[in-house]
Amino acid sequence: MSPSNTETSCGHSASSGHSPYDALLNSADDRIIAGRAADGDTSAFAVLVRRYGPMMRATARRILGSSDELDDVVQEAFITAWQKLDQLEDPRKVKAWLMRITTHRAIDRVRAHRRTDDAEQLDVAAADHHSPSQLTQAKATVSALRAALAQLPEAQRSCWVLREVEHMSYREIAETLELPESTVRGLLARARRSIMKRMEGWQ
């Protein structure tokens, strides 16, 4: 499927028409809207864009801060949603599903920036005349951490990034991922244990 006429920037309609059908869609519940969108109805998908685009942008902002990448993240999330709507088992939960997609896309951006920052820090180390062996060890440590993170289940990795990289509180992480705070604490504890175990040889 391809939302050929869908404007995925939040706050903008994918269809400018105001037909009786559009009016019915605007008042329909999420189950109906998501179901029609999953069948390829771009007008129904446009309702999801209008209904949840601003909320998705706010979710991305909480992770990325004030960033010029917010609209890109939301657009990527909507593209993913359009492609995978037919895999959504319960259309009534489309809101939470969209927020999870947005969160994962934003976290991907954080991880990408983190990798860039790591590389820049290593370049600075080289410029400061650190020995080749120290530089090699630092690069290996960064690679080991990336590998350890990649091995984590998605929920654990998301919690770890939001806590350790974005410095969110447990409550903020719980709200972002729509999980109980106790679950967030448990996921973080398991993530930290796994990372520490995998990083034992680098300490």
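The following paragraphs describe the fold of a predicted model and the packing of one pair of its helices.

The chain contains nine helices and zero strands, so that, in agreement with the DSSP-based assignment of helices and strands, the order of elements from the N terminus on reads α-α-α-α-α-α-α-α-α. Of the 203 residues in the chain, 40% are buried, and the accessible surface of the chain amounts to about 11,300 Å², with carbon and sulfur atoms accounting for 48% of that area. When contacts in the chain between residues at least 6 apart in sequence are considered, 65% of them are found to join residues at least 24 apart.

Two packed helices are described by the angle between their axes and the distance between the axes. For helix 1, which spans residues 20-27, and helix 3, which spans residues 42-64, the packing angle is about 45 degrees and the axes lie 10 Å apart. Because this angle falls in none of the ranges for roughly parallel, roughly perpendicular or roughly antiparallel axes, helix 1 and helix 3 are oblique to each other. The crossing in which helix 1 passes helix 3 is right-handed.

On the side of helix 1, the contact is made by Tyr 21, Asp 22, Leu 25 and Asn 26, whereas helix 3 contributes Ser 43, Ala 44, Val 47, Arg 50 and Arg 51. Classified by residue type, the contact of helix 1 with helix 3 comprises four nonpolar, two polar and three charged residues; the charged class includes Asp 22 of helix 1 together with Arg 50 and Arg 51 of helix 3.

Note on methods. Residues are numbered from 1 along each chain as its sequence is written. This is a predicted model: local features need pLDDT of at least 70, side-chain atom pairs count only at pLDDT 80 or more; totals for chains, interfaces and linings use all residues. Side-chain values use heavy atoms; hydrogens and water are left out. Helices (H or I, at least four residues) and strands (E, at least two) are DSSP runs, numbered from the N terminus. Buried means under 20% relative accessible area, exposed over 50%, partly exposed in between (1.4 Å probe, protein chains only). Contact means heavy atoms within 4.5 Å. Accessible areas come from the Shrake-Rupley method with a 1.4 Å probe; for residues, only the protein chains shown count as cover. Axes are lines fitted to C-alpha atoms, for helices over the stretch in contact, and angles run from 0 to 180 degrees between N-to-C directions. Angles under 35 degrees count as roughly parallel, over 145 as roughly antiparallel, 65 to 115 as roughly perpendicular and the rest as oblique. A crossing is left-handed if the near helix is turned anticlockwise from the far one by less than a right angle, and right-handed if clockwise.
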